[in-house]
Amino acid sequence: MWRTSLAVAAILLAGAAQAQQQPAKITDEVVKLGILNDQSGTYADLAGPGSVAAARMAVEDFGGTVLGKPIQVVFADHQNKPDVGSSIVNRWIDVDQVDAVVDVPTSSVALAVQEITRNKNRVHLNSTGGTSDLTGKACSPTAVHWTYDTYALANGTGTAVVKAGGDSWFFLTADYAFGHALEQDTANAVKKAGGTVVGAVRHPFPNNDFSSFLLQAQASGAKVIGLANAGADTINAIKQAREFGIVQAGQRMAGLLVFLSDVHALGLDTTQGLTLTTGWYWDRDEQSRQWAKRFAERMNGRMPTMVQAGVYSAITHYLNAIKAAGTDEAKAVVAQMKKMPVNDFFAKNGKVREDGRMVHDMFLVQVKKPEESKGPWDYYNIVRTIPGDEAFRPMNQGNCPLVQQAEAQPAGR
Amino acid sequence: MFELIGIPPQALFGQLLLGLINGAFYAVLSLGLALIFGLLNIINFTHGAQYMMGAFAAWLLLNLAGLGYWPALLLAPVIVGVTGVLIERFLLKRLRGLDPLYGLLLTFGLALIVEGAFRQVYGVSGLAYPVPPSLAGGVNLGFMFLPLYRGWVVLASIVACLVTWAVIERTRLGATLRAATENPALVQAFGVNVPRLVTLTYGFGVALAAFAGVLAAPIYSVHPLMGANLIIVVFAVVVIGGMGSILGSVLTGFGLGVVEGLTKVFWPEASNTVIFVIMAIVLLIKPAGLFGRAT
């Protein structure tokens, strides 16, 4: 018995020694991508199975191998819980040899994954997580934040709406960290653009009935009602605002985190005129339409959201970086990603900044009137293209330890 | 203009009315729960899922059969009520005479299964259900803009509650039902089919939940988890009103809706906790609930 044990131990040791000797090329003979998101809860329609489909498309389009080694996709449901997400990622890295964790909605889970991937030297390609802390105080040399962040959405919508005459704001804010951050970012953008904030109400999360809060917003006399919430809360607030004739009475609604899937669920009749910022829209040009069409064929006709498109784009860029760098070692690959420009159906001349932020143009859109729409999923008019450098937070204001800071930053978020 | 406790009276009236509207949902849902508990001694945790099924039934009737709101208001409760009858016949019936905990576990499990199944098929973004054209628009009451549909919700709920109360307390059928709860063996000896009565009662309680679901469909998004969010509050309402007390649950439903509405003005962050604080206080002072009989 002891003989077999010894033999096994010897083999294991030999294997370990060999792994150490070899300069890391492709470790363990496979590049494995772990798609971690919400498969059946609040965020399942905007990312969920669609993100997994987008990841598979990216791998197939890349040819299925990189540097002669196969590329695999695995996925798991983090149920929007940081503890569940953490244990999945730990297992993925320790046991299943996952090289990159991809997608990761829900800011709290994304931040937890950021720490694990930093400590265990694996890549984190975040598309759906919202918090701008991922490239701020929690930034990591092995992480890239691809599609959007709360700063870009708040800044884009806040500034543009004030410029269009909506210079007094009232916020309906989900009463937790994400909502507060979104409200504060937007309020800053509004004030910077010359507008005022007349009030805010913090509603419980989640919340079913918004009528009371909407009447308070109406009584405030503000020109714009900013929705600093997400998912079902935003949907219910918009639906009930329509019911109480808020928009017809002259106030505007501004959604600060609204996805294409939300507009689809609400219908154009309810959402028409809503102003929002998005990182990508399927019907922008021929290239994006073609990709979206292929995606829809796989997803029962559902058009991709910006974050699902972002998953495809981020993975493709990551695989290209592995090819160029000749290794899948996390820091080397991410450094390579920062050297190469991003040019695909998702972004034109996008670049990954030192803090991990993928900077690309954002779009201010207005939801179409029902009679303007030519068919299902034809929902947005692009009002303005926001250049990437204007849309995202300047690198020296994020408190990211990887980059030099501007002097005397006011202690903010 | 004068102000009441720092709030202009218009805003206050508006919020009171809104509270009443939300209270209407609490009342109809807790009425069904109280009915089922009072007569069957079952804590029906599936109630939230059945409320959701009512909303989905209305949506399906509209999108598959082209039947609008008014037929759905009648048909959806019947359809969901029939599923309730089947659940009672094939599952709950086997738990008669056991500790109520078993019924609670069974219905809780059923709720998870039903909600999971709907989530699988319809996703989680929710579906849109239009307000019926005859009730679209609203009236300006001077102190607020009242959507006609919300007014209708209050009216319909009050009628449903009154009819149910009258049937249970004022008719021969109701008397038989109450007798069957007190002493099933004796009532059966008089030639009354007690098991069938029990089944129908459960079906009716479920139909009430579905009725509330149809009422809710045009206001809230039709969503697999719409009942899960609501059911916890409704349970608190039943506990405050007194388990099994029909009139108690109706009055508490409306009352707590108003209290919650006012909290949303004065301290919005606390609006989802206030009902549970009240529940704790009531349980301390009057453990049987405001309208419950001490046992």
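Start in chain B of this predicted model by selecting helices H2(B) and H4(B), whose crossing is left-handed. H2 covers residues 47-64 of chain B and H4 covers residues 100-122 of chain B. Draw the two axes: they come within 9 Å and cross at roughly 30°. Angles under 35 degrees count as roughly parallel, so H2(B) and H4(B) are described as roughly parallel to each other.

Next, show the side chains where the two helices meet. On H2(B), select B:Gly48, B:Ala49, B:Met52, B:Met53 and B:Phe56. On H4(B), the residues to add are B:Ala111, B:Val114, B:Glu115 and B:Phe118. Coloured by class, this contact divides into seven nonpolar residues, one polar and one charged.

Now move to chain A and display the whole chain as a cartoon. Its secondary structure comes to 14 helices and 15 strands. Reduced to a C-alpha trace, chain A spans about 85 × 50 × 40 Å along its principal axes. How does the radius of gyration of chain A stand against that of a compact globule? A compact globule of 413 residues would have a value near 22 Å, and chain A has 22 Å, so the two agree.

Colour chain A by burial: 56% of its 413 residues count as buried. For the contacts, consider those in chain A between residues at least 6 apart in sequence; 71% of them join residues at least 24 apart.

With both chains visible, select the interface. Here 31 residues of chain A are in contact with 29 residues of chain B. Which elements of chain A each supply at least two residues of the side that touches chain B? They are strand E8 (196-203), helix H7 (211-219), helix H8 (231-243) and helix H9 (260-266). By class, the residues on the chain A side divide into 12 nonpolar, 12 polar and seven charged.

For the last stop, select helix H6 of chain A, residues 177-192, and pick out A:Lys191 within this helix. Is A:Lys191 buried, exposed or partly exposed? Around A:Lys191 there are 14 other C-beta atoms within 10 Å. A residue is buried at 20 or more and exposed at 12 or fewer, so A:Lys191 is partly exposed.

Finally, add A:Thr270 to the selection and draw a distance from its C-alpha atom to that of A:Lys191. These two C-alpha atoms are separated by 29 Å, and the residues lie 79 residues apart along the chain.

Definitions and conventions
Residues are numbered from 1 along each chain as its sequence is written. Chains are lettered from A and ligands numbered from 1 in the order in which they are written. This is a predicted model: local features need pLDDT of at least 70, side-chain atom pairs count only at pLDDT 80 or more; totals for chains, interfaces and linings use all residues. Helices (H or I, at least four residues) and strands (E, at least two) are DSSP runs, numbered from the N terminus. The radius of gyration is taken over C-alpha atoms; the globule rule is 2.2 Å times the number of residues to the power 0.38. Two residues are in contact if their C-beta atoms, placed from the backbone, lie within 7 Å. Ala, Val, Leu, Ile, Met, Phe, Trp, Tyr, Cys and Pro count as nonpolar, Asp, Glu, Lys and Arg as charged, and the others, Gly among them, as polar. Axes are lines fitted to C-alpha atoms, for helices over the stretch in contact, and angles run from 0 to 180 degrees between N-to-C directions. Angles under 35 degrees count as roughly parallel, over 145 as roughly antiparallel, 65 to 115 as roughly perpendicular and the rest as oblique. A crossing is left-handed if the near helix is turned anticlockwise from the far one by less than a right angle, and right-handed if clockwise.
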